[in-house]
Amino acid sequence: MQKLAADLQALQSKAFVLGASAAKVVDVAAIKTGAWTRMKCQYGCPNYGLSLCCPPYTPNYEQMREFLAEYEKAVLVEYTFPLKENDCTDFAAADLSMSNGLLDILLALEKAAFFQNHYKAFALKAGRCRLCTECNLKKCLNPTKARPSLEACGIDVFALANDNGFSMQVITDPIKELKIYGLLLVE
């Protein structure tokens with residue numbers, strides 16, 4: 001138990017070195033899931049069915065609950081992406097940079113956890129996969145990097161962030177930065 005605590009602390013510290021704006025160890029049992037997140041994907045997201053990391057190709061929330069039950073601890077990572085003036089006119093480029101920036105952090109943490117002998121370590125991130133311009137729905141072209149979306153798997157990202165001391169809310173006013181979240185399941 002002491003080794004796990006030390007390893008989780010080391011992963012938290014590494015997250016900051018890699019560019020995370022915040023990182024916190026969380027209890028996996030407290031993560032909220034629900035069917036509504038996938039419904040939001042299916043009825044509200046223009047990317048539904050266009051990525052192997054999104055529904056209908058991802059586990060549903062019941063399958064995700066079963067998967068999460070195999071873990072006790074995780075590291076919740078917040079990645080803050082500052083917006084420049086031109087990001088508002090070319091949001092797609094900013095979104096690509098933000099999404100893949102978080103993914104790079106999560107994959108490095110997953111690898112570090114693996115080498116700490118946490119061989120079950122697995123990363124998930126909020127938002128759609130942005131590794132390819134267009135997803136090859138027959139076979140992933142980036143299987144070592146692609147990870148399912150938290151929302152696609154039924155995880156309530158707003159509750160995950162807010163329940164763990166972060167402030168996530170619907171954006172209604174002009175902003176100077178975006179925050180995105182990822183989760184590294186460890187033990």
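This note goes through a few local features of a predicted model, taking helix 5, a surface patch and the cysteines in turn.

1. Helix 5 spans residues 91–115 and includes phenylalanine 114, and glutamate 110 is found in this helix as well. The two residues can be read separately for their exposure: glutamate 110 is buried, with a relative accessible area of 13%, whereas phenylalanine 114 is partly exposed, its relative accessible area being 46%.

2. The surroundings of glutamate 110 deserve a look in the structure, since a relative accessible area of 13% falls under the 20% that marks a buried residue. Its side chain reaches the backbone nitrogen of alanine 123 at 2.8 Å. When neighbours within four places in sequence are set aside, glutamate 110 is in contact with Ala121, Phe122, Ala123, Arg147 and Leu184, so that alanine 123 appears both in this list and as the partner of the side chain.

3. On the surface, a nonpolar patch is formed by Phe114, Phe115 and Tyr119, which together have about 420 Å² of accessible area. Of these, phenylalanine 114 is the residue already described as partly exposed, at 46%.

4. As for the cysteines, the structure holds zero disulfides. Cysteine 41 is in no disulfide, and the nearest cysteine sulfur, which belongs to cysteine 45, is 6.1 Å away; because a disulfide requires sulfur atoms within 2.5 Å, this pair does not count as one. Cysteine 153 is likewise in no disulfide, with the nearest cysteine sulfur, that of cysteine 53, lying 8.9 Å away.

5. Both cysteines are buried: cysteine 41 has a relative accessible area of 12%, and cysteine 153 has a relative accessibility of 0%.

Technical notes. Residues are numbered from 1 along each chain as its sequence is written. This is a predicted model: local features need pLDDT of at least 70, side-chain atom pairs count only at pLDDT 80 or more; totals for chains, interfaces and linings use all residues. Side-chain values use heavy atoms; hydrogens and water are left out. Patches are made of residues with over 30% relative accessible area and no salt bridge: like charges are joined within 9 Å, nonpolar side chains (Val, Leu, Ile, Met, Phe, Trp, Tyr) within 5 Å. Accessible areas come from the Shrake-Rupley method with a 1.4 Å probe; for residues, only the protein chains shown count as cover. A salt bridge is a side-chain nitrogen of Lys or Arg within 4 Å of a carboxyl oxygen of Asp or Glu. Helices (H or I, at least four residues) and strands (E, at least two) are DSSP runs, numbered from the N terminus. Buried means under 20% relative accessible area, exposed over 50%, partly exposed in between (1.4 Å probe, protein chains only). A polar contact is a pair of N or O atoms within 3.5 Å; within protein, one must be able to donate a hydrogen and the other to accept it, and residues adjacent in sequence count only if both atoms are side-chain atoms. Contact means heavy atoms within 4.5 Å.
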